[in-house]
Every structure is written in C-alpha cells, then in structure tokens.
Amino acid sequence: SYSFCTLLVTMILSLANLLLSLGVATPTAYTCPVLNFVGDVRQFVVEQENGKNRRTVPAVERAMTAADFYNYSSYSSHTGLEEAETSFMLLYRDLDQPDELSFFWIHGIDEGAKEGQRQVRASVNGLITGVPEGVTIVQRDDRVAEWDWTSSTTLGGEPTHEGKNLGGSWTFNKNTDGGAVSGLPMDKDWELRIDANFSEGINKWFFYFGDGSSPQLLDPSEPVFLHPVVTTVDLGVAPYPEVAGPQTFCTLVASESGSRE
C-alpha cells in the first residue's frame, strides 16, 4: 500500500505532466533541500498512571513553523483546535524541518474564534519535568511570569525563571493561555511528565494528534507521561523517511512568464 508521502508525490507528478502536455508550463530544474533526519521516530506514547489512557499517537504535522501554527494574536492561540473550557496538548512537527519536534499546551479559546463559544474566567497551574537538554521556549501566551523555566518541583506559583523544569501559572478570561517549546529530540529517549491543576474554568483535558479528529481524553487528577517510540516495526504509519532508505522528491512547475506554481 502507498504511504501518504508516496501518494502525494504521485499526485504532484501527475499534475506536472498534465500541465506540460497542455503547453502551459515548462520543466524547471530545482534542487531540493537535503533532509537531515536521523532515526526513524514517528510514533509517541501518551499515558497516565498504570497505563491508564495509554495511546500510541503521531505528531500533528503541517508545513509551517511551530510559532506559525500556534498563530498567536489578540493574546491567544489560533490553531483551530481550541475549545471553550478545554485544555489540550499536542506534539507538533514542521514538515519543512522534520527534525524539529515541538510540544504545545493550550487552554481556552479566543473571544469570537468559534460561534457560540466563550471562555469563562479560568486558572491553571502546570509543571513539566523530564525536559531534555536543547529544548527552547518558542511561544509564550502571554507573559514570562506565566510560562517559563523553573526549579520548582511542585505545582503552583510563578516560575522561578531558572532550572530544568517548565512551569505554568495561567489566569485568563475570554481568551487562551498556554505556550509551546521546540527541540525535543527525534532520535533519543526522553519522557515528559506533565502535572496540572485546573482550579476553575477548565473541565476537559485532551491530547490531540494526527489531524485532531479523535483526541485522547485525559484524567485531570493524574499526571500525563509522554515519550517517543523508536522502532522499525510497522505501526500502521510509515516512518519518515522510509526505513528502506530516504528518497527526496520535488516537482516545480513554472509558467511561461517564469513564475513558480
């Protein structure tokens, strides 16, 4: 069976051949950037204590940076996954930088983002431990006093702004709060532990993956554990790149005016 990547390349090549046969485009040489992917991590495990709510999931993937996908404006994220009185997490990978793995944690929804949804006043405290070296904060929603590095090992209070853990102390109303980090390694073992306290205004906690159509519901009274699966076993989703050997395909079609399509 075809992987999604193979199917996409086939569709692009078919379109290019059609345009060439109609005489509306001419072939143009183009060199694709080399993908520097090491390892074959594609899947990740999210679970709670004693294997509760355990699920093997892929990252959410788009052809844009983590900051662009977060789409921060009007003091809020705008990924399209936001819901009122809901907190969610996800792993994110930029298809243009496939070695770059990010983690998002977002609460609430911006006023007017979805018809009929309005975020009430909410307060959330979060603590993430087990953060590997090299991880950086790429988005704060909103202030450094709400989402930063901390030396604390307990929930509550403003982050200490130093240390190896990530701390969140968010209070918000009619918008979102949260943040994102990047730099989680794709070829090494790591495990994040995420503890949360939703004191008001949040009544659902999800982990989103893939296209976001079937998120995993989480128990807010228990910590969440997140780690990669490094394997060459067929898990139903083709690794990136294929285990048999990386192949990079690019098709570029230019109109007769010279513009790229």
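**Group meeting: Thr79 and the nonpolar cores**

Hi everyone, let me start with one residue: Thr79 is buried, because its relative accessible area is 15%, under the 20% cut-off. Please keep in mind that this is a predicted model.

Where does Thr79 lie? You will find Thr79 in the loop between helix H2 (66-70) and strand E5 (86-94). And what is around Thr79? Setting aside neighbours within four places in sequence, Thr79 is in contact with Phe69, Tyr70, Phe88 and Ile106. There is a polar partner too: a polar atom of the Thr79 side chain lies 3.1 Å from the backbone nitrogen of Leu81.

Now, on to the cores. The largest nonpolar core has 34 residues, and the members touching the most others are Phe103, Trp105, Ile194 and Leu226. Which strand gives the most to this core? That would be strand E12 (residues 192-200), with 4 residues. There is also a second, separate core of 13 residues, and among its members are Val60, Ala66, Leu90 and Tyr208.

Last topic, the cavities. I have 2 cavities of 30 Å³ or more to report. Let me show you the second largest, which holds about 30 Å³ of space. Its lining is made up of Phe103, Ile128, Val131, Val135, Leu166, Val181, Leu184 and Leu192. How does that lining divide into nonpolar, polar and charged residues? The split is 8 nonpolar, no polar and no charged. You may recognise Phe103 in that lining, since we met Phe103 a moment ago in the largest nonpolar core.

That's my tour, thanks for listening!

Notes:
Residues numbered from 1 in each chain as written. Predicted model: local features only at pLDDT ≥ 70, side-chain atom pairs only at ≥ 80, totals over all residues. Heavy atoms only, no water. Core = buried A, V, L, I, M, F, W, Y, C linked by side-chain atoms within 4.5 Å. Buried < 20%, exposed > 50% of the residue type's maximum accessible area, 1.4 Å probe, protein only. Helix = DSSP H or I, 4+ residues; strand = E, 2+ residues; numbered from the N terminus. 1 Å grid on protein atoms, 1.4 Å probe; cavity = no way out; pocket = protein on both sides within 12 Å on 5 of 7 lines; lining within 4 Å. Points joined across faces, edges and corners; volume = space filled by probe spheres on them. Nonpolar A, V, L, I, M, F, W, Y, C, P; charged D, E, K, R; others polar. Polar contact = N/O pair within 3.5 Å; in protein donor to acceptor, adjacent residues only side chain to side chain. Contact = heavy atoms within 4.5 Å.
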